[in-house]
Amino acid sequence: MGFEKHDLDFALVPAGLLLLSSYHAWLLYRIKRLPTTTVIGLNALNRKIWVDTMMADGIKNGVLAVQTLRNNIMASTLLASTAITLSSLIGILVSSSGSGGAAAAIIYGDDSRMVSSVKYFAILVCFLIAFLFNVQSIRYYSHVSFLITVPPSKPGEGHSQCYVSRALNRASYFWSLGLRAFYFSFPLFLWTFGPIPMFLCCCIMIFTLYFLDTATSDADTSLFLSLPRTPRSVEEGCSPINQGSSKV
């Protein structure tokens, strides 16, 4: 029994998804354990400093803070709208797809009707997940837009800042997850042209994301850590009572 072209889907597609999943598992470990070595971790620490700075003088910085948050809400809204629009287009494409005889000629892999439905369904799931994540991002950004003007409970205590910075970071995390869902849709889309383009896209995407997700240089990290009042973790400086889940 020889190796046929439809067997490539059972070999290359799981391999590509495993590579992407392994990379993001490694990235999650770095964010949790070594946040200053990743762009996401450094941005989270910088957002905590930004919240402390904005809330230190709410009257002076209130307009700037709300405008900045509004820009982030607009970005999340754009991605959410794009995701739900693409989901609708995928649904229309699946419902109106025929036998696909002409398209099957350029696909080196399994071109059966069932596998084609699985491909479109996987892309649809990615876009729906992106939509939900961006909606949650908008939700947190909306709450932060008025929490940012709340002064600290007492002078010298950062209870309010910690709560707001956690909410702001969660909004950004949801936005990043929504963007990752868009990233995952690229190799799944190329899967419609065969498992080989899908696997190559996964490999190229991992190398590209590695340079985008890791800190640019040790000099930048050292400069950031040498700044005054620089936290080493997002929860640094927060009291234990404020380290619980911020359900806003």
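This briefing covers the fold, a pocket, the salt bridges, a surface patch and two buried isoleucines. The model is predicted. The protein has 8 helices and 0 strands. Of its 248 residues, 38% are buried. The structure holds 2 salt bridges.

**Overall fold**

- Read from the N terminus, the order of elements is α-α-α-α-α-α-α-α.
- Helix α1 covers residues 8-33.
- Helices α2 (39-56), α3 (58-96) and α6 (159-191) each help to line the second largest pocket, as does α7.
- Helix α5 spans 113-147, and a loop lies between α5 and α6.
- Helix α7 takes in residues 195-213.

**The second largest pocket**

- The volume of the second largest pocket is about 460 Å³.
- Its lining counts 22 residues.
- Nearest the centre of this pocket lie Asn43, Arg47, Ser172, Trp175 and Ser176.
- Four helices, α2, α3, α6 and α7, each supply at least two lining residues.
- Helix α6 gives the most to this lining, with 7 residues.
- By residue class, the lining splits into 12 nonpolar, 7 polar and 3 charged.

**Salt bridges**

- Side chains of opposite charge can pair when their charged atoms come close.
- One salt bridge joins the side chains of aspartate 52 and lysine 48, at 3.7 Å from N to O.
- Aspartate 52 and lysine 48 sit 4 residues apart in helix α2, so about one helical turn separates them.
- Both aspartate 52 and lysine 48 are buried.
- A salt bridge also forms between the side chains of aspartate 213 and arginine 180, at 2.5 Å from N to O.
- This pair links distant parts of the chain, with aspartate 213 in helix α7 and arginine 180 in helix α6, 33 residues apart.
- Aspartate 213 and arginine 180 are both buried.

**Nonpolar surface patch**

- Trp26, Tyr210 and Phe211 make a nonpolar patch of about 340 Å² on the surface.
- Phenylalanine 211 belongs to helix α7.
- Phenylalanine 211 counts as exposed because its relative accessibility is 63%, and the cut-off for exposed is over 50%.

**Two buried isoleucines**

- Isoleucine 31 lies in helix α1.
- With 18% relative accessibility, isoleucine 31 counts as buried, since buried means under 20%.
- Between isoleucine 31 and leucine 42, the C-alpha to C-alpha distance is 9.0 Å, and the two are 11 residues apart in sequence.
- Isoleucine 148 is found in the loop between α5 and α6.
- The relative accessible area of isoleucine 148 is 2%, so this residue is buried.
- Along the chain, isoleucine 148 and leucine 168 are 20 residues apart, and 9.4 Å separates their C-alpha atoms.

**Where the topics meet**

- Helix α7 holds phenylalanine 211 of the patch and aspartate 213 of a salt bridge.
- Phenylalanine 211 is exposed, whereas aspartate 213 is buried.
- Helix α6 carries arginine 180 and also supplies 7 residues to the lining of the second largest pocket.
- Helix α2 contains aspartate 52 and lysine 48, and it too supplies at least two residues to that lining.

Terms used:
Residues numbered from 1 in each chain as written. Predicted model: local features only at pLDDT ≥ 70, side-chain atom pairs only at ≥ 80, totals over all residues. Heavy atoms only, no water. Patch = residues over 30% accessible without salt bridge, like charges linked within 9 Å, V, L, I, M, F, W, Y side chains within 5 Å. Areas by Shrake-Rupley, 256 points an atom, 1.4 Å probe, with all protein chains shown as cover. Salt bridge = Lys/Arg side-chain N within 4 Å of Asp/Glu carboxyl O. Buried < 20%, exposed > 50% of the residue type's maximum accessible area, 1.4 Å probe, protein only. 1 Å grid on protein atoms, 1.4 Å probe; cavity = no way out; pocket = protein on both sides within 12 Å on 5 of 7 lines; lining within 4 Å. Points joined across faces, edges and corners; volume = space filled by probe spheres on them. Nonpolar A, V, L, I, M, F, W, Y, C, P; charged D, E, K, R; others polar.
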